Amino acid sequence: MARGDAQMAEKEASEVVLLSGGTSGIGLAAAQLLLARGAQVMLMGRSEERGRKALAELDAGERAAFVAGDVRHPADCRRAVRETLAHFGRLTGLVCSAGIYVEGALEDLRPEVLDTVLDINVKGTMYLCQAALPALRQAKGSIVNVASDAGVHGNYFCTAYCASKGAVMLFTRALALEVAHEGVRVNAIAPGDIMTPLTRGQLQASPDPEAALQEMASVYPLGRIGTPEEAAAVIAFLLSAQAGFVTGAVWRIDGGLTA
């Protein structure tokens, strides 16, 4: 191995990444990929049971841990960062992938539903970034927020979700400018439809899941929807030293949908 490659491997081996929404879907796939390249990961989620199942699936021993917490609560976000530092000694990366998806016409949108969408998707992302920043400044670390193609363009009967993901994208760009002089990078991904447990559940609720999948895939120029592993690969790249000159960017993982 060349000296430069060895130094890169050594740096990445010392990565410690906190992932909200890390017990399933894109977050769990990102944790798997990060572990495979030598990082240590702390999963954050609301369910202890799902946390235990995710750790069992990762099967990474002491290199993976779980902290129960709700990103809607700043105190939980601060505690997740504290426990990460206590367990691993440092924090070099943050992935904000906790989110909720809601459909429905604006006329039918109840205030409590709007509050939940904004509290999790927008405030939760901001609270966790806020809590992690002191540690990330010390490590000159990196943040990757999970937005959506719905933050790039409008989707039918999806106003609350589109608004929340659009907010995540602009928050990402603004925070990137705010902390760039401190060596902290902030980027986002904007996935299209990804075959996560949430997507799979939506398809199974259809009278004909296979036809529903074909219809969903038909709008994508590549002719299919994405996989969690494909989204995770971009997250891992954005966290890595290879993306050292990338900040304030929103990477679209949507099979050409928003081209």
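Here a colleague asks about a predicted model and its modeller replies.

Colleague: How many helices and strands does the chain have?
Modeller: This is a predicted model. Its chain contains both kinds of element, helices and strands. The tally is nine helices and seven strands.

Colleague: Is the chain as compact as a globular protein of its length, or less so, and what is its radius of gyration?
Modeller: The globule rule gives 18 Å for 259 residues. The chain comes close to that, so it is as compact as a globular protein of that length. The C-alpha trace spans about 55 × 40 × 35 Å along its principal axes. The radius of gyration is 18 Å.

Colleague: What share of the residues counts as buried?
Modeller: A residue is buried when its relative accessible area is under 20%. The chain has 259 residues to judge. The buried share is 47%.

Colleague: What share of the contacts joins residues 24 or more positions apart?
Modeller: Take the contacts in the chain with a separation of 6 or more. Then pick out those between residues 24 or more positions apart. They account for 71%.

Colleague: How far apart are the centres of the positive and negative side chains?
Modeller: The chain carries 23 positive side chains and 28 negative ones. Each set has its own centre. The two centres lie 8 Å apart.

Colleague: How many salt bridges does the structure hold?
Modeller: Side chains of opposite charge can pair when their charged atoms come close. One such bridge joins Glu112 and Arg110, at 2.9 Å from N to O. The total is nine.

Colleague: Arg37 pairs with Glu15 in a salt bridge. How many residues apart in sequence are the parts that the pair ties together?
Modeller: The closest N and O atoms of Arg37 and Glu15 are 2.7 Å apart. Arg37 lies in the loop between helix 2 (25-36) and strand 2 (40-45), and Glu15 in the loop between helix 1 (3-13) and strand 1 (16-20), so the pair ties together parts whose separation in sequence is 22 residues.

Colleague: Is Glu15 buried or exposed?
Modeller: Its partner Arg37 is partly exposed, at 22% relative accessibility. Glu15 has a relative accessibility of 5%. The cut-off for buried is under 20%, so Glu15 counts as buried.

Colleague: Which residue forms a salt bridge with Arg224?
Modeller: Arg224 is partly exposed, at 40% relative accessibility. The partner is also partly exposed, with a relative accessible area of 31%. Their side chains meet at 2.6 Å, N to O, and the partner is Glu230.

Colleague: Which residues do salt bridges with shared partners join into one network?
Modeller: Here the bridges have partners in common. That links the residues into one network: Asp76, Arg79 and Glu83.

Key:
Residues are numbered from 1 along each chain as its sequence is written. This is a predicted model: local features need pLDDT of at least 70, side-chain atom pairs count only at pLDDT 80 or more; totals for chains, interfaces and linings use all residues. Side-chain values use heavy atoms; hydrogens and water are left out. Helices (H or I, at least four residues) and strands (E, at least two) are DSSP runs, numbered from the N terminus. The radius of gyration is taken over C-alpha atoms; the globule rule is 2.2 Å times the number of residues to the power 0.38. Buried means under 20% relative accessible area, exposed over 50%, partly exposed in between (1.4 Å probe, protein chains only). Contact means heavy atoms within 4.5 Å. Lys and Arg count as positive and Asp and Glu as negative; His and the chain ends are not counted. The place of a charge is taken as NZ of Lys, CZ of Arg, CG of Asp or CD of Glu. A salt bridge is a side-chain nitrogen of Lys or Arg within 4 Å of a carboxyl oxygen of Asp or Glu.
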